[in-house]
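Here are some short exercises to work through with the structure open beside you. Try each task before you read its solution.

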Amino acid sequence: MIAIAGELLSQEELEPSIRIDVEAAPSTLPGEVMVLLKRMAPFGAQNAPPVYVGRGLDVRSLRTMGAGNEHLRMTLREPDHRVTWDAVAWRQGDRASDPLGGRVDIAYKLQTGGSNTGFSRGALELEVLDLQPSSPVEA
């Protein structure tokens, strides 16, 4: 089966992908969004939570957490805002040494904090699905 897939599919088709619903800086999503998301629950294979893209976020802090340093814990800030966002990237601790630079683009979901993330229980935070150094802005 793998050999057949290798013959029929391009390398790009074999790469994992994330379906993005909308590009939205975290500050543009009002607190009421969590209330609406709770109404849309439960989430699962047939009802996925929305996935957002945020671009050009400043990395204020970055460290690993969890057994074996398998997860990333970050504080991110939008360049023109004072508000910072707590963020966690599950199973991405190996990326702590990536040359991310000062700004990143992220694919993320919203979640409320709890004891498993190390952030304030009930606080709105970002679950980072993927991140990369920010793309340069085209003129």
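**Exercise 1. Find the helix that holds Leu 8, then decide whether Leu 8 is buried or exposed.**

Step 1: Leu 8 sits in helix α1, residues 2-8. Helices (H or I, at least four residues) and strands (E, at least two) are DSSP runs, numbered from the N terminus.

Step 2: Buried means under 20% relative accessible area, exposed over 50%, and partly exposed in between (1.4 Å probe, protein chains only). Leu 8 has 67% relative accessibility, so Leu 8 counts as exposed.

A note on the model: it is predicted, so local features need pLDDT of at least 70 and side-chain atom pairs count only at pLDDT 80 or more, while totals for chains, interfaces and linings use all residues. Residues are numbered from 1 along each chain as its sequence is written, and side-chain values use heavy atoms, leaving out hydrogens and water.

**Exercise 2. Write down the order of helices and strands in the protein.**

Step 1: Count three helices and six strands.

Step 2: Follow the sequence to get α-α-β-α-β-β-β-β-β.

**Exercise 3. Which element gives the most to the largest nonpolar core?**

Step 1: A nonpolar core is a set of buried Ala, Val, Leu, Ile, Met, Phe, Trp, Tyr and Cys residues joined through side-chain atoms within 4.5 Å. Among its 20 residues here, Leu 76, Ile 106, Tyr 108, Leu 110 and Leu 126 touch the most other members.

Step 2: Two or more residues each come from α3 (32-40), β2 (52-65), β3 (71-77), β4 (84-89), β5 (103-112) and β6 (124-133).

Step 3: The answer is β5, with four residues.
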